[in-house]
Amino acid sequence: MPAVFLKDRSLLSISGAEAQSFLQNLITTDIISLEADEARPGALLTPQGKILFDFMIWQEGDGYAIETDAGQRDGLLKRLTMYKLRAAVTLTPRTEDGVTVSWDEDADGVRDSRGVRDSQGVRDSRFAKAGVALIRQPGKHGDGEELLYDALRITHGIVTSGSDFALQDAFPHDVLMDFNGGLSFRKGCYVGQEVVSRMQHRGTARRRVVTVSAATALPETGTEISAAGKPVGTLGSVEGDHGLAIVRIDRAGAAMAAGTPLLAGQTPVSLVLPQWSGLVFPTSADEASA
């Protein structure tokens, strides 16, 4: 499968003697346990625990690289600078345009125009949990259709902000960061940590990512998913008759247990929780609150 260039991704470098402690005390990811060739998801939260910025992060030399949506980068840089104060940290926007992803037979490293393998990429831990070896590398190293990557994301229940959820509207649990390595409950305090820890310990997370399928083409992103006229969730990324959504799994589970059709707009749909998450749909109010 060809390597796919994601043109709407941008990068920041975070370096300096206090780079690790600065990030460890600020973002959701436990970066101390990051392996040398591993990219993990992460987020900077609002004090209320919602995702303000989302990104991938990995080690780079003595510092770290953050990959985020191009439209988020300047805002993320500004917010990180605000938190930096007098810390011995340097925040630098990178000059590379976009990021290349490759997987399956290409996942041992993308190749340049001469066909020579370049193993400088990092493995995406989100896909690894879904059993897919996917490598991310800054810059353009392939020309595959971006739709191929979107189809892969949808198949494995891996969301992206903008297409699947709005920033400042979702908690990390909503997008499965408690299962994909992007949310730590052991490393101590960071912005929004108290809220997400309370959700974890009380088991109050109800909104979750699901894969959506239909017998015909799905309606557009943003379409409401409902059961018996009551909202269950909202359709996110769509590729033909498959897509992603964030839904209330208690409501969806109760509807499925009762045999009530689930509809995206007027289109009957089936919902499946990503297998790698280990989650199941609650089938009663008692189970949902357990």
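Five residues of helix α2 are listed as buried in this predicted model: Gln72, Arg73, Leu76, Leu77 and Leu80. They pack against β2, α1, β3, β4, β5 and β6. The helix itself has 15 residues. From its first C-alpha to its last it reaches 21 Å, close to the 21 Å expected at 1.5 Å a residue.

Look at the two ends of α2. At the N-terminal end, aspartate 69 acts as a cap. One of its side-chain oxygens lies 2.8 Å from the backbone nitrogen of glycine 71. Just after the helix, leucine 85 takes a positive phi of about 50 degrees.

Now take one buried residue of the helix, leucine 76. Neighbours within four places in sequence are left aside here. Beyond them, leucine 76 is in contact with Leu12, Leu44, Phe53, Phe55, Ile66 and Thr68.

Leucine 76 also belongs to the largest nonpolar core, which has 22 residues. Ile14, Leu23, Ile57, Leu76 and Leu80 have the most contacts inside this core. Which elements each supply at least two of its residues? They are β2, α1 (19-24), β4, β5 and α2. Strand β4 gives the most, with four residues. In soluble globular proteins, nonpolar side chains tend to be buried together. A second, separate core has 19 residues, among them Ala214, Leu218, Val232 and Phe281.

Next comes the sheet. It is open, has nine strands and shows mixed pairing. Its order is β1-β7-β11-β10-β3-β4-β5-β2-β6. The edge strands are β1 (4-6) and β6 (90-93), and each pairs on one side only. Direction ignored, neighbouring strands are turned by 35 degrees against each other on average. Helix α2 (residues 70-84) packs on this sheet, touching β2 (9-15), β3, β4 (51-60), β5 (63-69) and β6. The direction of α2 makes about 135 degrees with that of β5. Another helix, α4 (residues 146-156), packs on the sheet as well. It touches β1, β7 (99-103) and β11 (134-138). The direction of α4 makes about 90 degrees with that of β1.

Strands of a sheet pair through backbone hydrogen bonds, either parallel or antiparallel. Both senses can be followed here. Strand β3 (residues 38-45) and strand β10 (residues 122-124) run parallel and are joined by two bridges. In that pair, alanine 39 has aspartate 124 of β10 as its bridge partner.

Strand β5 offers the antiparallel sense. With β2 it pairs over six bridges, and serine 13 stands opposite alanine 65 in β5. With β4 it pairs over five bridges. There, glutamate 60 has glycine 63 of β5 as its bridge partner. Strands β4 and β5 form a hairpin with two residues between them. Glycine 61 sits in the turn and has a positive phi of about 60 degrees. Is β5 mostly covered or uncovered? It is mostly covered: six of its seven residues are buried.

Move on along the chain to aspartate 178. It lies in the loop between α4 and α5 (193-202). Why does aspartate 178 count as buried? Its relative accessible area is 17%, and buried means under 20%. What does its side chain make a polar contact with? The partner is the side chain of arginine 208, at 2.8 Å. Leaving aside neighbours within four places in sequence, aspartate 178 is in contact with Pro172, His173, Leu183, Phe185, Gln200 and Arg208. Arginine 208 is thus named both as a polar partner and among the contacts.

The last stop is arginine 251, found in helix α6 (residues 249-258). Why is arginine 251 classed as partly exposed? Its relative accessible area is 40%, and the class covers values between the 20% limit for buried and the 50% limit for exposed. Again with neighbours within four places in sequence left aside, arginine 251 is in contact with Pro231 and Val232. Val232 is also one of the residues of the second core. The side chain of arginine 251 reaches the backbone oxygen of proline 231 at 3.2 Å. Arginine 251 and valine 175 are 76 residues apart in sequence. In space they are 17 Å apart, C-alpha to C-alpha.

Note on methods
Residues numbered from 1 in each chain as written. Predicted model: local features only at pLDDT ≥ 70, side-chain atom pairs only at ≥ 80, totals over all residues. Heavy atoms only, no water. Pairing = 2+ DSSP bridges. Axes fitted to C-alpha atoms, helices over the stretch in contact; angles between N-to-C directions. Contact = heavy atoms within 4.5 Å. Core = buried A, V, L, I, M, F, W, Y, C linked by side-chain atoms within 4.5 Å. Buried < 20%, exposed > 50% of the residue type's maximum accessible area, 1.4 Å probe, protein only. Polar contact = N/O pair within 3.5 Å; in protein donor to acceptor, adjacent residues only side chain to side chain. Expected span 1.5 Å × (residues − 1).
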